[in-house]
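I opened this model to look up a helix pair, the cysteines, and a few loop residues. My notes follow in the order in which I looked.

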Amino acid sequence: PQMATTRLERGSLLVGGRELLSQCPPEATLRAGVADAAPGAAFLGARAAAPSSRHVFSLGTIPKGWRWLSLFKLKIWWMAPKTGADTAGVPAETQMLLLEKTGNGVEDTVYALMLPVLDGDFRASLQGSPENELQFCFESGDPDVQTMDAVDAVFVNSGDNPFKLMKESIKILSKIKGTFSHIESKETPANLDWFGWCTWDAFYKAVNPVGIEEGLQSLREGGAPPRFLIIDDGWQQIVNEFKEVDGALLEETVFAERLVDLKENDKFRGEACKNLGDLVKKIKETHGVKYVYAWHALLGYWGGVCTSSDVMEKYNPKLVYPVQSPGDVANLRDVAMDSLEKYGVGIIDPEKIYEFYNDQHSYLSSVGVDGVKVDVQNVMETLGHGFGGRVALTRKYQHALEESIARNFKGNNLICCMSHSSDHIYSALKSAVARASEDFMPREPTLQTLHIANVAFNSLLLGEIFIPDWDMFQSKHETAEFHGAARALSGGGVYVR
């Protein structure tokens, strides 16, 4: 029907019979009729006068009467929600814009969805301008990867139910793009059905075999034996190559520490247990743990891998320096990125990345580990220069990671973390679980309700592509009941720390 179609005419973008954008500039383009099942589905694009690796195009302004919900990258790793009505207020790095316009009755309400997506080697994001224009930023992350044309950059669809609209839109997008899959077609990891424990908050990087056993024992004695365990950051062999700097400086080099070997460090080789395999066997036999995951970063460690390590030599690593997009620093800067920009990242040759994951995961699998939590994923978007850009590099790493998981672990046993860039979201063919927001922060009283609001809103988008992981919480925290009830509603895993 005419009402349901999306049209761009005389400088107006019409969706579901309502004007969604006015004063659209002549360079804005619309490709309508992209899905037979959904006449409202279309792609907005634009054409520039000259090629560039980064464009900012105007799409016009949002007329009065619409209110919006934005999911935007508050910092490089994480999305957060924001609501408003004025076009200028749409935050930089918006990755979902859901708009609502009420009519006379409830049944007259129209929802419009704008999803900036990946188009070839480019990534789109939305933002408002001080001139009250809705803009989309279109960037490759590599000065050598340029274009004049954004064709299928911003997906637009409309409907009368926002939840149905999200589901339908993601399914359509996954079919058209072919680079990611809807959650319904993915294998769900079995550990999600079991109560779990993660070692992070109990130990931070000081995790050790004795502490792990004591923690499992205390949870058993408390009547809540965990069947799922994540051995978080602190088990790997890493090196800080910046020891000679003074104390204040040393603190900022923490995020630049690098991986030197694929096997466990000395804490896991000694009197308490001979090696990681020995520990995994013991905790499965003694404490009834069914699934053990190990943590690692997408690049090996926060600062990547040590380029001078003999073990890493076969992966042809090199030291590169991140370049952040203007969008990454538009909202909140991140201390880890400040550190990596200064000290560099040891990145593995993209042609060798599958081999690296396969070696790491086949070792972990051989000692009884069942899966991995892979962190620090969005760093990829800053490393695209010289590698064909952020989208191409992210996709190469993501698909290699998923292939290695499929080969080395029995289930689809992967948790993606710090992975809210659309580069990752729209490259997730098999990944079925992703953290839905910033960490649970036990010592920050004002962040508890904010955490739940964040994960719930973020799950609108993330929940169509992943099972959202709402992060762990503390069972003895003053907000424990609130967090426990929220996890029960989340549809995701339930684990404490």
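The entries below go through these topics one by one.

**Entry 1, the helix pair.** I kept in mind throughout that this is a predicted model. I began with helix H3, residues 209-221, and helix H5, residues 276-287, whose axes come within 11 Å and cross at roughly 15 degrees. Angles under 35 degrees count as roughly parallel, and H3 and H5 are therefore roughly parallel to each other. I noted the hand of the H3 and H5 crossing as right-handed. On the H3 side I listed Pro-209, Ile-212, Glu-213, Leu-216, Gln-217 and Arg-220, and these meet Leu-279, Lys-282, Ile-283, Thr-286 and His-287 of H5. Sorted by character, the residues of this contact between H3 and H5 are five nonpolar, three polar and three charged.

**Entry 2, the cysteines.** I then asked how many disulfides a search of the whole structure finds. The search returned zero. For Cys-198, which is in no disulfide, I looked up the nearest cysteine sulfur, and it belongs to Cys-417, 9.5 Å away. Buried means under 20% relative accessible area, so Cys-198, at 0% relative accessibility, counts as buried. Cys-306 also counts as buried, because its relative accessibility is 4%.

**Entry 3, positive phi values.** Next I looked at two residues other than glycine that have a positive phi, Arg-10 with a value near 50 degrees and Asn-316 with a value near 55 degrees. I placed Arg-10 in the loop between strand S1 (6-9) and strand S2 (12-15), and its relative accessibility of 79% means that Arg-10 counts as exposed. Asn-316 sits in the loop that runs between strand S19 (291-297) and strand S20 (318-320), and with a relative accessible area of 43% I recorded Asn-316 as partly exposed.

**Entry 4, a loop proline.** Is Pro-322, in the loop between S20 and helix H6 (335-343), buried or exposed? I found Pro-322 buried, since its relative accessible area is 6%. Leaving aside residues up to four places away in sequence, I noted that Pro-322 touches Met-337, Leu-340, Glu-341, Gly-344, Val-345, Thr-382, Leu-383 and His-385. I also looked up the separation of Pro-322 and Tyr-343, which lie 21 residues apart in sequence, with 9.4 Å between their C-alpha atoms.

Conventions: Residues are numbered from 1 along each chain as its sequence is written. This is a predicted model: local features need pLDDT of at least 70, side-chain atom pairs count only at pLDDT 80 or more; totals for chains, interfaces and linings use all residues. Side-chain values use heavy atoms; hydrogens and water are left out. Axes are lines fitted to C-alpha atoms, for helices over the stretch in contact, and angles run from 0 to 180 degrees between N-to-C directions. Helices (H or I, at least four residues) and strands (E, at least two) are DSSP runs, numbered from the N terminus. Angles under 35 degrees count as roughly parallel, over 145 as roughly antiparallel, 65 to 115 as roughly perpendicular and the rest as oblique. A crossing is left-handed if the near helix is turned anticlockwise from the far one by less than a right angle, and right-handed if clockwise. Contact means heavy atoms within 4.5 Å. Ala, Val, Leu, Ile, Met, Phe, Trp, Tyr, Cys and Pro count as nonpolar, Asp, Glu, Lys and Arg as charged, and the others, Gly among them, as polar. A disulfide is a pair of cysteine sulfur atoms within 2.5 Å. Buried means under 20% relative accessible area, exposed over 50%, partly exposed in between (1.4 Å probe, protein chains only).
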